[in-house]
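Q: I would like to practise reading local features in a model. Could we go through some together?

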Amino acid sequence: DICLSNPERNEPADAKEYLSRVIKAVRSPVMIDTTSPEVAELAARLCPGKSVWNSVNLEHGTAKLEKAAELNRLYGTAVVAGCIDDDPDEGMAVSAERKLEVASAMVRLLTEYGMPPEDILLDALVFPVASGQEKYARAAAETVAAIAGFKKHFPKCRTILGVSNVSFGLPPAARETLNSVFLHRCVKAGLDAAIVNIEKLRRFASLSGREITLAGALLENAGQAAVAEFAALYREKKPAVRGPSGDPARALKTAVLEGDRAPVAAAVAALLDKLTPLEIINGPLSQAMAEVGALFGKGELIVTEVLQSAEVMKGAVTALEPELKKTSAPPRGRLLLATVAGDVHDIGKNLVHMIFASNGFEVLDLGVKTPTETIIRNARSFRPDVIGLSGLLTRSAEAMIGVARDLSAAGIHTPLQVGGAALSEKFVFSKIAPAYSGPVIYCPDAMHGLARALELIKAKTE
């Protein structure tokens, strides 16, 4: 599986150079992982044997499916077809039913264009079960069910998955186990091919019964308890750090750090006897979330635990709301958030939304595939302190340059935070920043984005 997509480089030129070398060194079929039909055709032409194009879908109509069928006729190229269409709410199919619906449409079109079903590899999509989002709690089980459905309805088609996405956000050792159990279940359901790193995949037969049981429970329904119990297998559980008796500030900070909502109401009530609501938010609560961010950065907390801490923070802010209303205190800040046009991915954006909202920000989330004119219109009416742009794909990184340029042309100079898998710090400061008239901030994760946003707002008010 070869991916040369990089927003900082010329993908067709890189593909020509690299593939010309790799086919002489590796005697295996090549899967070219690209969104570019030009690069897919280049790979089909250069690579001997039967290459595979990973991937096509229905997000932007049928053009790529038609191109896949053309490459199949000319070069015998197979194709990976991912369960994504242009539905504004469920573009990336999560449920087994939706996956089957999208797969049916793609198989029908590809075969109508002349591609034999044996050359179609259906990708049911894999979502991270430990992201802390209820939408994906049963996503792994739905994927396994979808694979079985594909084999029943399209017996001549193949099935494929990028397995390791299921364990994103867990400790490394936990990822290896969960990937192995998930792969085992998928193979039993009829999976034909898997994209895995075999150096980071434990043999299923080597796993203990407890590992298999807890991983299975997580794959069936990834509630917070299931995630915490599974992750605890792979690291030493740290003892609770309790503050001195009668110290409500320490009690509140500890509650946030440990994701424990129970002490919050009493600690907040005690603190209100001597501090204003804003002093509590900017004091012990902010200090606790800063420590959560540092622990997450060091890999000592997983995504779900960060979100548990954010929920405790949100509970504390809710408890403070009656007093905040009395003082007419504004929110800590305003965030305008969007996944850029051409991209339906929202997991990262949703994490940002949850982290900012639980820390006292008013968040206007414009969703996915957001046109630039919609961002401009809402930037003018909502008047945010920060604009956040998210995107997973290489083309999303390019789209952010256009958004930055158009915002500048519209006279908007609000600080711009950008994040996503395809971005690098170099790309942000060499490509996006020169196109924008205001500050541009690269955010590798949600906690980093929150910290920088708070710095910006503090500087603005001083």
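Q: Is phenylalanine 154 buried or exposed?
A: Good place to start, and keep in mind that this is a predicted model. Phenylalanine 154 has a relative accessibility of 12%. The cut-off for buried is under 20%, so phenylalanine 154 counts as buried.

Q: Which values describe an aromatic pair?
A: The general idea is that a pair of aromatic rings is described by the distance of the centres and the angle of the planes. This structure holds four aromatic pairs. One of them joins phenylalanine 150 and phenylalanine 154, with 6.3 Å centre to centre and 50° between the planes, which makes the pair tilted. Phenylalanine 150 is buried as well, at a relative accessible area of 1%.

Q: Where does arginine 334 lie with respect to phenylalanine 382?
A: Here we look at a charge and a ring. Arginine 334 lies over the face of phenylalanine 382, 4.9 Å from the ring centre.

Q: How are two packed helices described?
A: Two numbers do the work: the angle between the axes and the distance between the axes. Take helix 15 (residues 394-409) and helix 16 (residues 425-432): they pack at about 35°, and their axes are 10 Å apart. The crossing of helix 15 and helix 16 is right-handed. On the side of helix 15, the contact is made by Ala397, Glu398, Met400, Ile401 and Ala404, while helix 16 brings Phe427, Lys431 and Ile432. Sorted by character, the residues of this contact are six nonpolar, no polar and two charged.

Q: Which residues does serine 390 touch, leaving out those up to four places away in sequence?
A: Serine 390 touches Ala338, Thr339, Val340, Lys349, Met400 and Gly419. Met400 also belongs to the contact of helix 15 with helix 16. Serine 390 itself lies in strand 9 (residues 386-390) and is buried, with a relative accessible area of 13%.

Q: What about the backbone: which peptide bond is cis, the one leading to serine 55 from which residue?
A: Omega is the angle to read. The peptide bond from asparagine 54 to serine 55 is cis, with omega near 15°. Serine 55 has its place in strand 2 (residues 52-56).

Q: What is the phi of leucine 125?
A: Leucine 125 has a positive phi of about 75°, although it is not a glycine. Leucine 125 is found in the loop between strand 4 (120-123) and helix 5 (139-153), and at 9% relative accessibility it counts as buried. Lysine 369 is not a glycine either, and its phi is positive too, at about 50°. That lysine 369 lies in the loop between strand 8 (361-365) and helix 14 (372-382). At 26% relative accessibility, lysine 369 counts as partly exposed.

Q: How many residues separate threonine 372 and isoleucine 120 along the sequence?
A: Sequence and space are two separate readings. Threonine 372 and isoleucine 120 are 252 residues apart in sequence and 35 Å apart in space, C-alpha to C-alpha. Threonine 372 is in helix 14, is buried at 16% relative accessibility, and touches Val403 and Asp406, not counting residues up to four places away in sequence. For another pair, glutamate 97 and alanine 145 are 48 residues apart along the chain, with 9.0 Å between their C-alpha atoms.

Q: Is glutamate 97 buried or exposed?
A: Its relative accessibility is 67%, so glutamate 97 counts as exposed. Glutamate 97 lies in helix 4 (residues 96-112).

How values were computed. Residues numbered from 1 in each chain as written. Predicted model: local features only at pLDDT ≥ 70, side-chain atom pairs only at ≥ 80, totals over all residues. Heavy atoms only, no water. Axes fitted to C-alpha atoms, helices over the stretch in contact; angles between N-to-C directions. Helix = DSSP H or I, 4+ residues; strand = E, 2+ residues; numbered from the N terminus. Left-handed = near helix turned anticlockwise from the far one by under 90°. Contact = heavy atoms within 4.5 Å. Nonpolar A, V, L, I, M, F, W, Y, C, P; charged D, E, K, R; others polar. Phe/Tyr/Trp six-rings, centres within 6.5 Å; stacked < 30°, edge-to-face > 60°. Buried < 20%, exposed > 50% of the residue type's maximum accessible area, 1.4 Å probe, protein only. Lys NZ or Arg CZ within 6 Å of the ring centre and 35° of its normal.
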